[in-house]
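Subject: Handover of a structure

Dear colleague,

I am passing on to you the structure below, together with an account of what was found in it. Please read the notes with the model open beside them.

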Amino acid sequence: MGNRIILNELIYHGYGALDGIREVIQSKGYQKAVIFSDAYLKSSGLLEKVTDILEDTKMPYEIFT
């Protein structure tokens, strides 16, 4: 049997995607985040911007690079 992934209807990407994300996380009652990244996003510091927001909101997360 294969793996099954159910995606949430909200996916943020592109310029300005992080604006207001704290409020969305808190208002929707999400319990965990998954982040798909690559080596460039990690080395550029962009991934850290996302994880900082998640840590500020006490949201557990998993990163796949």
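Helices here are DSSP runs of H or I with at least four residues, strands are runs of E with at least two, and both are numbered from the N terminus. Under that rule, Thr51 lies in helix H3. Please bear in mind that this is a predicted model.

Overall layout

The protein chain has three helices and two strands, and from the N terminus on these elements follow the order α-β-α-α-β. Its C-alpha atoms fill a box of roughly 35 × 30 × 20 Å along the principal axes. Of the 65 residues, 20% count as buried. Among contacts with a separation of 6 or more, 63% are between residues 24 or more positions apart.

The nonpolar core

Eight residues make up the largest nonpolar core: Ile21, Ile25, Ala33, Ile35, Leu47, Ile53, Leu54 and Met59. At least two residues of this core come from each of helix H1 (21-28), strand S1 (33-36) and helix H3 (46-56). The element that gives the most is H3, with three residues.

Leu54 is one of the core residues. Not counting residues up to four places away in sequence, Leu54 touches Ile25, Ala33, Ile35, Met59 and Tyr61.

Thr51 in helix H3

Is Thr51 buried or exposed? Its relative accessibility is 8%, and buried means under 20%, so Thr51 counts as buried. Leaving aside neighbours within four places in sequence, Thr51 is in contact with Ile35, Tyr61 and Ile63. Ile35 and Tyr61 are also among the residues that Leu54 touches.

The largest pocket

The largest pocket holds about 1,200 Å³ of space. Its lining is made up of 34 residues, and those nearest the centre are Ile11, Tyr12, Val34, Ile35 and Val50. H1, S1 and H3 are the elements that give two or more residues to this lining. H3 gives the most to the lining, with six residues. Sorted by class, the lining has 25 nonpolar, six polar and three charged residues.

The aromatic pair

The structure holds one aromatic pair. Phe36 and Phe64 form this pair, with 5.6 Å centre to centre and 20° between the planes. The pair counts as stacked because planes under 30 degrees apart are classed that way. Distant parts of the chain are linked by the pair: Phe36 is in strand S1, Phe64 is in strand S2 (residues 61-64), and the two are 28 residues apart.

How accessible are the two partners? Phe36 has a relative accessible area of 60%, and the cut-off for exposed is over 50%, so Phe36 is exposed. Phe64 has 45%, which falls between the two cut-offs of 20% and 50%, so Phe64 is partly exposed.

Lys58 in the loop

Lys58 is placed in the loop between H3 and S2. Its phi is near 60°, a positive value in a residue other than glycine. Most residues other than glycine have a negative phi. With a relative accessibility of 72%, Lys58 counts as exposed.

Where to look first

I would suggest that you start with helix H3, which gives the most to the largest nonpolar core and also gives the most to the lining of the largest pocket. Ile35 is a useful second stop, as a member of that core and one of the residues nearest the centre of that pocket.

Yours sincerely

Conventions
Residues are numbered from 1 along each chain as its sequence is written. This is a predicted model: local features need pLDDT of at least 70, side-chain atom pairs count only at pLDDT 80 or more; totals for chains, interfaces and linings use all residues. Side-chain values use heavy atoms; hydrogens and water are left out. A nonpolar core is a set of buried Ala, Val, Leu, Ile, Met, Phe, Trp, Tyr and Cys residues joined through side-chain atoms within 4.5 Å. Buried means under 20% relative accessible area, exposed over 50%, partly exposed in between (1.4 Å probe, protein chains only). Contact means heavy atoms within 4.5 Å. On a 1 Å grid over the protein atoms alone, a cavity is a set of points where a 1.4 Å probe fits but cannot get out, and a pocket is an open set with protein on both sides within 12 Å along at least five of seven lines; lining residues have an atom within 4 Å of a point. Grid points are joined across faces, edges and corners, and a volume is the space filled by probe spheres set on the points. Ala, Val, Leu, Ile, Met, Phe, Trp, Tyr, Cys and Pro count as nonpolar, Asp, Glu, Lys and Arg as charged, and the others, Gly among them, as polar. Rings of Phe, Tyr and Trp (its six-membered ring) pair if their centres lie within 6.5 Å; planes under 30 degrees apart count as stacked, over 60 as edge-to-face and the rest as tilted.
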